[in-house]
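Let's take a walk through this fold together, strand by strand. Open the coordinates in your viewer and keep the sequence at hand.

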Amino acid sequence: APFCYGFFTDDQTSRMEFFVDRVLGKFQCRESYIDASVGMIGTDPYPAVENEPYALLAEVHNLGTEIGSHLDVKFYLDGEQIGKDNIISLFPSTPRLVRVTPNSKSPKAAGRYEICVEVEVDSLEVLPFNKRRCSEI
């Protein structure tokens, strides 16, 4: 697990959060962090209707302890980017529903497609592994 908990003592004892820097393989101390992750992925309406307009939806969470700023949320269809939105700020424990209208490259015909959503964070983030989620819709 990348996080462990310990105590740092000088004049007072205070709880601090630590994480392992996977690249450098050492412990670093952070009292606050951002942890953006992708939750639910879907369409509106669900299910999408052939030759009718629809939107792609993704729920984005901040599982960290500080406000995330300038998060890019990118939508991919079978590996090709078809939409993008920006979240200016994302508070911890407050999910945000992101909605994009697919561009002209998106399918109009019925069928099964892999939709992936990826979140990029402009500021320092601790956990890089939960930024992308895919779903077949």
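Two strands pair if DSSP finds at least two bridges between them. By that rule β4 and β5 pair in the antiparallel sense, over 7 bridges. Before going further, keep in mind that this is a predicted model.

Now for the overall picture. The protein has 0 helices and 10 strands, so the pattern along the sequence is simply β-β-β-β-β-β-β-β-β-β. Of its 137 residues, 40% are buried.

Let's go back to β4 and β5 and see what else they join. Together with β8 they form an open sheet of 3 strands, ordered β4-β5-β8, with antiparallel pairing. Which strands sit at the edges of this sheet? They are β4 and β8, the latter spanning residues 96-100, and each of them pairs on one side only. Ignoring direction, neighbouring strands of the sheet are turned by 25° against each other on average.

If you'd like particular residues to click on, start with D44, whose bridge partner in β5 is A55. On the other side of the sheet's order, β5 (residues 55-62) and β8 pair antiparallel over 5 bridges. One residue pair to look at there is A58 and its bridge partner in β8, V98. Is β4, as an edge strand, enclosed or open? It is largely enclosed by the rest of the structure, because 7 of its 9 residues are buried, where buried means under 20% relative accessible area.

The loop between β4 and β5 deserves a stop, too. P45 lies in it, and so does P47. The peptide bond from D44 to P45 is cis, with omega near 5°. The bond from Y46 to P47 is cis as well, its omega being near -5°. If you plan to prepare the model for any calculation, those are two omegas to have a look at.

Next, move along to β6, which covers residues 68-77. This strand is also largely enclosed by the rest of the structure, since 8 of its 10 residues are buried. What does β6 pair with? One partner is β7 (residues 80-90), in the antiparallel sense and over 9 bridges. Another is β9, again antiparallel, over 7 bridges. For a residue-level view, L71 has I87 as its bridge partner in β7, while V73 has V119 as its bridge partner in β9.

The hairpin of β6 and β7 has 2 residues between the strands, and in this hairpin D78 takes a positive phi near 45°. Positive phi turns up elsewhere as well. H70, found in strand β6, has a phi near 55° despite not being a glycine. Its relative accessible area is 40%, so H70 counts as partly exposed. S93 is another non-glycine residue with a positive phi, here about 60°. You'll find S93 in the loop between β7 and β8, and with a relative accessible area of 70% this residue is exposed.

From there, hop over to β9, residues 114-121, and pick out V117. Is V117 buried or exposed? Its relative accessible area is 0%, so V117 is buried. In sequence V117 and Q81 are 36 residues apart, but the distance between their C-alpha atoms is 9.3 Å.

Another buried residue is worth a visit, this time in a loop. D35 sits between β3 (26-30) and β4 (36-44). At 5% relative accessibility D35 counts as buried, because the cut-off for that label is under 20%. What does the side chain of D35 touch? A polar contact of 3.3 Å joins it to the side chain of K131.

Finally, let's look for open space. The largest pocket holds about 340 Å³. Its lining has 22 residues, and those closest to the pocket's centre are T43, A48, G111, Y113 and I137. How does that lining divide by residue type? There are 14 nonpolar residues, 3 polar ones and 5 charged ones.

Technical notes. Residues are numbered from 1 along each chain as its sequence is written. This is a predicted model: local features need pLDDT of at least 70, side-chain atom pairs count only at pLDDT 80 or more; totals for chains, interfaces and linings use all residues. Side-chain values use heavy atoms; hydrogens and water are left out. Helices (H or I, at least four residues) and strands (E, at least two) are DSSP runs, numbered from the N terminus. Buried means under 20% relative accessible area, exposed over 50%, partly exposed in between (1.4 Å probe, protein chains only). A polar contact is a pair of N or O atoms within 3.5 Å; within protein, one must be able to donate a hydrogen and the other to accept it, and residues adjacent in sequence count only if both atoms are side-chain atoms. On a 1 Å grid over the protein atoms alone, a cavity is a set of points where a 1.4 Å probe fits but cannot get out, and a pocket is an open set with protein on both sides within 12 Å along at least five of seven lines; lining residues have an atom within 4 Å of a point. Grid points are joined across faces, edges and corners, and a volume is the space filled by probe spheres set on the points. Ala, Val, Leu, Ile, Met, Phe, Trp, Tyr, Cys and Pro count as nonpolar, Asp, Glu, Lys and Arg as charged, and the others, Gly among them, as polar. Axes are lines fitted to C-alpha atoms, for helices over the stretch in contact, and angles run from 0 to 180 degrees between N-to-C directions.
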